[in-house]
Amino acid sequence: MSRTLRQDYRASDFQQLSQMIRNHPLMKTETETDQLELQKLRTPEYRTKCVMRASLDDIALGINLYKLQLGGGDEPATKTEKVKFAPIAVGRSACKSGRPPATPFIKVLLRQTPLVVLFERPSMTAELDSEEGRQVLADNQRYEELLAGTDKSRRTVDSDTQTMTALKKSRLVNTERLCTDHVASYVSNFEMFDTYKDMEASTKKVQVQGEQEMQVTTYKVGGVDQFVAINSLPSFRLALMLTMRILASNVFEPQQRRFRNMTPPDPFAEDVQFKYRLRLLWRLSPPSPEASVRQAVTAVSFCPNNGDILAVSYGIYTFAQLSGPTRRGFVYVWNIKNPVNPERCYDYKVPVVTVQFSPVAPQLLAIGLHNGDIEIRDISQPDLPPLAISQRSSSVHFEPVTAIQWIQRSDGDVGGDDGDDITPFLAASQSGAVTKYQLINSPHLLGFEHQRFQRAEGELEGIPLQRPAKEIPLLANRHPQCLELVLDPVQTDIYYVLTDEGTLYKCSTNYPLQHLELRQVHETPAVCMDFSPWSPKLYLTCGSDWCIRIWLAGIIAPVITLQHHLSPVHCARWSRTHSTILVSLSHTTVDIWDLRYSTLKPVSSTTIDAKICYTTFRFAHCGRSLAVGNEAGNLLMLSFEDMPFPPHFQYRQLKRAIYKALSLEPALKQQVKSVGHFGYPRGEKLTTMQ
């Protein structure tokens, strides 16, 4: 910017302007030291070209219209700086050099200062559904793969610091904002009175938690109860089921975490005690709150694919009072997410004896009734009728069905178009017959008699039993009652049947109407049989002769006999977590046996509800929980507490415990050694046992 200086401009104005510049704070220096420091701070360009520092206010006042030449730095600081005006300097220089005078102006230099970062927060996240997000995800996975392994782990030290949280949120989870609006509506008291007058009100009392009662008022419109109409909607029942699960979790959350093994025992704890204790988690209520109604738990079955679901059958366990009024039966499907109310309920006019889930199609449930009928239900569709029901033309037996086992399909089995993947099953009844049923494209089951047992005669293998020399034959008692049916863990075509004579029949699905082996295992009815999860040749049986006998395939006599209480043993099973521990059930106690320590008495006996007799029990899939039923209809969910830690070599520990128990019987111990290895290959465990 420049402007031509006129000749008639007054010299006094220049003098006044120069005086204002000299009096400016930037141009004043009080001492010589300050002046030297100021010269050091100036850049070489300022010192050579004598560029003046002017503020924006000075430029606005018109200082930029003139060119001022300030004194050099060689003159003393005490002298007054001289200001030479352009007309005089130009006039003298023009006479000597002959060049035209320069146009006066002020040069202002504006420079960019260095960038000063006051605060910076780089982004630590990226959108997952973008290209950058997928690249970041691939880098993170590559980083985890590089650090995988024992030799590539980084050494880290825990320290406290403030880190930015990496937000992992997809754009798809963001929902649109709901728009609300105020809408006015007017209803008079007369309209409300007329509306409720047309409805028929009915009040009912509902029992809550046994003793408490709650009144529920419902209204009928046109003779139809609105609550019943709403309850029939599938969407309402699903929402109600989920809501009840959430409410139940507020009360049973610690027990549910224990059932799921979310709090395993600490192996490094200092106060470890092995008490073999059972703790009550919760109690599943019976179908009827009345104590006089006989509704004993007859069978329990866990779903193979989901251990949280279990089916419980209710009926009659002891037949002393069967001649009374007609008994009813129930089948409830429970879920541990809601231990208060069952999620499926099926009522029957006759008692229910047994239930069993299908291992291939877990939604199918086989139900055995007291009158000999069998039903197959799909629990995933509660509104539909049973898929198939047995009929008298193919199943002529009317005695109770005591056991059901699903088996693998063979080449000669018949299947429908929609049931090729559904396996057949065997059903044992108290008529002494084993019937094989198949699901076909029909509302009825296709069944035929597979076995028909006769009363045992003469001396049998197993325990010695003195039979009468001559027995009077009775046509009504020619066949023994089948009480239990168990499948072989290795050979899929082999199954075993226990009878009320205390005999054990070994049969095959490939050889109908004949048994392969017969053995006397108890003096009285044998009610339960279970194979060891670590040995396909080692199994136990229990019966009403107060004994639990452990058998080994290839040896006629029992290897170990356990007896403690003077009462029948209703059920006994091997532990799923310890190879030397088994659990037995008597009238009023749940006993835990450990073969490593003693075969004379159990290591612990637990009694819950001493006045009520126990009926049956079943292990959960994890093996650390136990479902015990009693005659009052209660199902007690128990958990094992203060148990010893499972050994690493389970089969080796089991073998040592058996040899220790046979220390006083060298002949039997030598027979066990002659059998050789009686476990699974490589010491594995059978995980498919129910």
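Modeller: The bend at a residue is the angle between axes fitted to the seven residues ending there and the seven starting there. With that in mind, we may examine this predicted model.

Colleague: By what angle does α9 bend, and at which residue?

Modeller: The bend in α9 is about 85 degrees and lies at F252. A proline, P254, follows within four residues of F252.

Colleague: How do you know that helix α9 is not straight from end to end?

Modeller: Helix α9 covers residues 234–259. A straight helix of 26 residues, at 1.5 Å a residue, would span 38 Å. The end C-alpha atoms of α9 span only 30 Å. The value falls short of the straight span, and the bend at F252 was noted above.

Colleague: Which residues of α9 are buried, and what covers them?

Modeller: The buried residues are M241, R245, A248, F252, Q255, Q256, R258 and F259. F252, where the helix bends, is thus in this list. The cover includes strands β4 (277–284), β5 (296–302), β7 (329–335) and β8 (344–348), together with β31 (625–630) and β32 (635–641).

Colleague: What follows α9?

Modeller: N261 follows α9, and its phi is positive, near 60 degrees.

Colleague: Why is P644 called buried?

Modeller: Buried means under 20% relative accessible area. P644 has 6% relative accessibility, so P644 counts as buried. P644 sits in the loop between β32 and α10 (650–661).

Colleague: What does P644 touch, leaving aside residues up to four places away in sequence?

Modeller: P644 touches F274, Y276, H578, I581 and R596. Moreover, K275 is 369 residues from P644 in sequence, yet their C-alpha atoms are 8.5 Å apart in space.

Colleague: Why is Y219 called partly exposed?

Modeller: Partly exposed residues lie between the limits of under 20% for buried and over 50% for exposed. Y219 has a relative accessible area of 31%, and is therefore partly exposed. Y219 belongs to strand β2 (residues 212–221).

Colleague: What makes the nonpolar surface patch that includes Y219?

Modeller: V187, M192, Y196 and Y219 make this patch of about 380 Å². Membership requires over 30% relative accessible area, and Y219 has 31%.

Colleague: How many helices and strands does the chain have, and what share of its residues is buried?

Modeller: The chain has 11 helices and 32 strands. Of its 690 residues, 38% are buried. Among contacts with a separation of 6 or more, 54% join residues 24 or more positions apart. The chain exposes about 43000 Å², of which carbon and sulfur atoms supply 53%.

Key. Residues numbered from 1 in each chain as written. Predicted model: local features only at pLDDT ≥ 70, side-chain atom pairs only at ≥ 80, totals over all residues. Heavy atoms only, no water. Patch = residues over 30% accessible without salt bridge, like charges linked within 9 Å, V, L, I, M, F, W, Y side chains within 5 Å. Areas by Shrake-Rupley, 256 points an atom, 1.4 Å probe, with all protein chains shown as cover. Salt bridge = Lys/Arg side-chain N within 4 Å of Asp/Glu carboxyl O. Helix = DSSP H or I, 4+ residues; strand = E, 2+ residues; numbered from the N terminus. Buried < 20%, exposed > 50% of the residue type's maximum accessible area, 1.4 Å probe, protein only. Expected span 1.5 Å × (residues − 1). Contact = heavy atoms within 4.5 Å.
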